[in-house]
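Visitor: I am new to this structure, and I would like to understand how the words used for it are justified. Could you take me through them step by step?

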Amino acid sequence: MHTWAVSVPELSDSELSRLSSVCSRAELERSARFVFERDRRSYLAAHGLLRHALSDCEPECAPSQWSFETRQYGRPELAGHLRSPLRFNLTHCSTRVAVVVCRNVACGIDVEPVLREADSALLISKSLSEQEQAWVTAAGPELRTDRFLQLWTLKEAISKAVGLGLRLPFAELDLDVSGPPVLRGAPPEAAGPWWLAQRRSADGHIEALALQLPPGQPVALSHHAWSPG
């Protein structure tokens, strides 16, 4: 299992050009429709990074040669004619993009900036279990958003791994993140078993990873920082 990440604000124009040069015409056309330049850069960085990551895992296929199809609820997968065992997921916000690539393992990844305002009472009540709500609201104002994002990013990663996105009832996913992340309860469509991990980047983001693996299966995970070299 491998993850890659890029800080979008730190990308030079030439580095972004290197990433986007392998994108498909459809991806380039979609990027041109974004209203804000930061969103265009993030989209191109994410999709270019994904193509480079896939080719790192299967070098016989050049980054520009990968093709994709969209499954139900919008989850992207490799096109069936490629007959590749690779599974992947990508995530991007305006300041950071990340990709996970595995072989024959359902996977999901999410990244959020720590400074994101995301601890409103409505959002907490709609997306957290009762135990999670108690843990988040027990924190002082300076920690509440951080605690919420620890839970939110893991729920996003799980929901993306099962291909449901926000259609998954987040409040039915019950997590304990007081230590290594543990899933205490889940709706049937996300029952797992899951290998969960979370880390903080140097540029102020929380990154969460979910792999659907049998209990006890060893995980060899490598983190990579993309470079244009």
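Visitor: Which residues in helix α1 (residues 13-20) are buried?

Guide: In this model, which is predicted, the buried residues of α1 are L16, L19 and S20, and the word buried is used because a residue so called has under 20% relative accessible area.

Visitor: What puts these residues on the same side of α1?

Guide: They cover an arc of only 90° around the axis, and therefore they lie on the same side of the helix. In general, an α-helix has 3.6 residues a turn, so residues three or four places apart point the same way. The buried residues of α1 pack against α2 (25-32) and α3 (37-57).

Visitor: Why are α1 and α3 called oblique to each other?

Guide: Their packing angle is about 55°, with the axes 7 Å apart. Angles under 35 degrees count as roughly parallel and those from 65 to 115 as roughly perpendicular, so an angle of about 55° falls under oblique. The crossing in which α1 passes α3 is left-handed, and the residues of this contact divide into five nonpolar, three polar and four charged.

Visitor: What makes α5 roughly antiparallel to α6?

Guide: Helix α5 (residues 130-137) packs against helix α6 (residues 141-161) at an angle of about 150°, with their axes 8 Å apart. Because angles over 145 degrees count as roughly antiparallel, that name applies to α5 and α6. In this contact E132, W135, V136 and T137 of α5 meet residues of α6, among them R144, F148 and L151, and by class the contact has four nonpolar, two polar and four charged residues.

Technical notes:
Residues are numbered from 1 along each chain as its sequence is written. This is a predicted model: local features need pLDDT of at least 70, side-chain atom pairs count only at pLDDT 80 or more; totals for chains, interfaces and linings use all residues. Side-chain values use heavy atoms; hydrogens and water are left out. Buried means under 20% relative accessible area, exposed over 50%, partly exposed in between (1.4 Å probe, protein chains only). Helices (H or I, at least four residues) and strands (E, at least two) are DSSP runs, numbered from the N terminus. The arc is that of the directions from the helix axis to the C-beta atoms. Contact means heavy atoms within 4.5 Å. Axes are lines fitted to C-alpha atoms, for helices over the stretch in contact, and angles run from 0 to 180 degrees between N-to-C directions. A crossing is left-handed if the near helix is turned anticlockwise from the far one by less than a right angle, and right-handed if clockwise. Ala, Val, Leu, Ile, Met, Phe, Trp, Tyr, Cys and Pro count as nonpolar, Asp, Glu, Lys and Arg as charged, and the others, Gly among them, as polar.
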